[in-house]
Amino acid sequence: KNIVILISGRGSNMEAIVKACAAEGWPARIAAVISNRPEAGGLAFAQSHGIATAVVDHKPFGKGDAARAAFDAELQRVIDGFAPDLVVLAGFMRILTPGFTGHYAGRMLNIHPSLLPAFTGLHTHQRAIEAGCRVAGATVHFVTAELDHGPIVAQAVVPVLDGDDESALAARVLSHEHRMYPSAVRWFVEGRLVIDGARVRHRDGES
Ligand code: GRF
């Protein structure tokens with residue numbers, strides 16, 4: 001199976017997936033890592049691991065609906081050049097058009113740093129602390145047209161501790177993301193995830 005990973009920055013989730021794919025011998029390869037930001041730190045890691053990289057910079061497309069659609073069309077063209085079976089969003093900070101999400105329906109995953117459906121959007125950790133939540137976490141889900149929605153594959157829960165600030169909570173959640181996201185991607189490439197309406201069923205074993 002060909003996996004294409006999209007990043008915008010540091011790429012630590014991408015790194016965790018690359019390492020797990022190699023170490024655990026998944027029936028898959030990372031075909032490419034693509035960023036919408038030329039300066040994304042994760043690109044260097046991918047290159048140093050012999051993985052093809054590409055940049056599709058959103059800035060020259062400008063602003064507005066037409067620009068967004070044109071960017072998504074170009075991104076889709078570049079992604080599809082790598083013939084992906086799965087597209088993995090790993091800290092990819094772009095809102096995607098329905099045309100794009102529809103094209104990858106059932107074969108695009110995202111990780112979001114909250115326990116969905118709570119706290120869609122940005123600043124999730126700060127908002128969880130301000131709301132007085134005693135737990136926080138992260139969610140892996142299939143991507144649909146609606147931002148941070150879509151059938152849930154996996155969730156990791158961590159405590160919110162007294163005295164936590166945003167960065168302390170983010171670090172605690174991120175360490176769980178690095179375990180959960182590789183597992184979820186592995187389940188997909190092993191054919192163990194079945195989308196059943198709004199939910200995901202997990203098939204056991206080797207089927
Ligand atoms: C992660 O917390 C992820 O959940 C969120 O953005 C962050 C990306 O970090 N969507 P990294 O680029 O994978 O290090």
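Which residues does Ser12 touch, not counting residues up to four places away in sequence? In this predicted model, Ser12 touches Leu174 and His178.

**The annotated site**

A UniProt record, an unreviewed entry, places a "binding site" at Gly11, Ser12 and Asn13. Two of these positions are described here. Gly11 lies in the loop between strand S1 (2-7) and helix H1 (12-24). Ser12 is in helix H1.

| Residue | Place | Other C-beta atoms within 10 Å | Class |
|---|---|---|---|
| Gly11 | loop between S1 and H1 | 25 | buried |
| Ser12 | helix H1 | 19 | partly exposed |

Why do the classes read this way? Gly11 counts as buried because 25 other C-beta atoms lie within 10 Å, and the cut-off for buried is 20 or more. Ser12 is partly exposed because its count is 19.

**Contacts of Gly11**

Neighbours within four places in sequence are left aside here. Gly11 is then in contact with Ala40, Gly41, Gly42, Phe45, Ala90 and Gly91.

**Around the ligand**

The shell around the ligand holds 14 residues. Arg10, Ser12, Asn13, Gly91 and Pro113 come nearest. Ser12 and Asn13 also belong to the "binding site" in the UniProt record. Gly91, for its part, is in contact with Gly11.

Which elements each supply at least two residues of the shell? They are H1, strand S5 (108-112) and helix H6 (166-189). By residue class, the shell divides into 6 nonpolar, 6 polar and 2 charged residues.

Note on methods
Residues numbered from 1 in each chain as written. Predicted model: local features only at pLDDT ≥ 70, side-chain atom pairs only at ≥ 80, totals over all residues. UniProt positions renumbered as here; feature names shortened; annotations may be inferred. Helix = DSSP H or I, 4+ residues; strand = E, 2+ residues; numbered from the N terminus. Buried ≥ 20, exposed ≤ 12 C-beta atoms within 10 Å, placed from the backbone. Contact = placed C-beta atoms within 7 Å. Near = placed C-beta within 6 Å. Nonpolar A, V, L, I, M, F, W, Y, C, P; charged D, E, K, R; others polar.
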